[in-house]
Amino acid sequence: MAALFGFVGLTAAQRRTIGPEPIIQASVEQLVRLFGDKARTPVATLYKDWAADALTATEDDLIAAGHPLPDARPWVSGDWSPVLMLAGSETSVTNPGYLEGAAEAAPRVAADIERIWQGLPRRSASASTL
Ligand SMILES: Cc1cc2nc3c(=O)[nH]c(=O)nc-3n(C[C@H](O)[C@H](O)[C@H](O)COP(=O)(O)OP(=O)(O)OC[C@H]3O[C@@H](n4cnc5c(N)ncnc54)[C@H](O)[C@@H]3O)c2cc1C
């Protein structure tokens, strides 16, 4: 099985203006550079721009805001803070928005959950009730 990965260096507004055809054409040309002439006639191409999907993106999502800056302030405050934890990369205090941030944020929240779990009162059960 092959896997391909690439980036489209156009903003949502630029993609909206030029439409899908030039992007599909540029993608095919890149595949030709990578794999040779046979790639010039793909069986099919499928173009999906999630930014243009009304059920996925709002107008606010069309503005690329970049990665968040590292910030040690808690993301959740008030009554929710003991019960709602955010484990996504964006909440990393070192590399938000990157894989490294995900690898930092997830174990932090796992440790928080473990700490809460350990602090919960335990009910003992005899073997006969298990
Ligand atoms: C195109 C692209 C290129 C990138 N390139 C780089 C790069 O070069 N270097 C880099 O460091 N980072 C890169 N990143 C960013 C990096 O991939 C993310 O920061 C990282 O994967 C975030 O990890 P996460 O665990 O926070 O979230 P995710 O990896 O998004 O994991 C969230 C998981 O939750 C699941 N999920 C969502 N909703 C539910 C639900 N209701 N129930 C159950 N499961 C659910 C999702 O399916 C997903 O598996 C890239 C991201 C993209 C999209």
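By class, which residues make up the shell around the ligand? Keep that in mind while the tour works inward from the whole chain; the model on screen is predicted.

**Whole chain**

Start with all 130 residues of the chain selected. The C-alpha trace spans about 70 × 40 × 30 Å along its principal axes. The radius of gyration is 23 Å, whereas a compact globule of 130 residues would have one near 14 Å. Colour the residues by burial next: 4% of the 130 count as buried. If you draw contacts with a separation of 6 or more, 30% of them join residues 24 or more positions apart.

**Secondary structure**

Switch to a cartoon view. The chain has three helices and zero strands, and from the N terminus on its elements run α-α-α. Two of these helices serve as landmarks later: α2 covers 20–35 and α3 covers 99–119.

**Domains and the record**

Select 12–62, which the domain assignment gives as domain 1, and then 78–119, given as domain 2. Place a marker at the C-alpha centre of each; the centres of domain 1 and domain 2 lie 35 Å apart.

Now select residues 4–113. An unreviewed UniProt entry places the feature "domain: Amine oxidase" there. Over residues 4–113 the chain is 35% helix and 0% strand. The C-alpha atoms at the two ends of that stretch are 37 Å apart.

**Ala39**

Go to the loop between α2 and α3 and select Ala39. Is Ala39 buried or exposed? Ala39 is partly exposed, because 15 other C-beta atoms lie within 10 Å, while a buried residue needs 20 or more and an exposed one has 12 or fewer.

Add Val28, Leu31 and Val32 to the selection: leaving aside neighbours within four places in sequence, these are the residues in contact with Ala39. For one of them, Val28, draw a distance to Ala39. The two C-alpha atoms are separated by 7.0 Å, and the two residues are 11 apart along the chain.

**Around the ligand**

Finish at the ligand. Select Gly88, Ser89, Gly97, Tyr98, Leu99, Glu100, Ala102 and Ala106, the residues around it. Colour this selection by class to settle the opening question: the shell has four nonpolar, three polar and one charged residues. Glycine counts as polar in this scheme. The charged class is where Glu belongs, and Glu100 is among the residues around the ligand. Tyr, Leu and Ala count as nonpolar; Tyr98, Leu99, Ala102 and Ala106 are in the selection.

Key:
Residues numbered from 1 in each chain as written. Predicted model: local features only at pLDDT ≥ 70, side-chain atom pairs only at ≥ 80, totals over all residues. Domains from an automatic or database assignment. Helix = DSSP H or I, 4+ residues; strand = E, 2+ residues; numbered from the N terminus. Contact = placed C-beta atoms within 7 Å. UniProt positions renumbered as here; feature names shortened; annotations may be inferred. Rg over C-alpha atoms; globule rule 2.2 N^0.38 Å. Near = placed C-beta within 6 Å.
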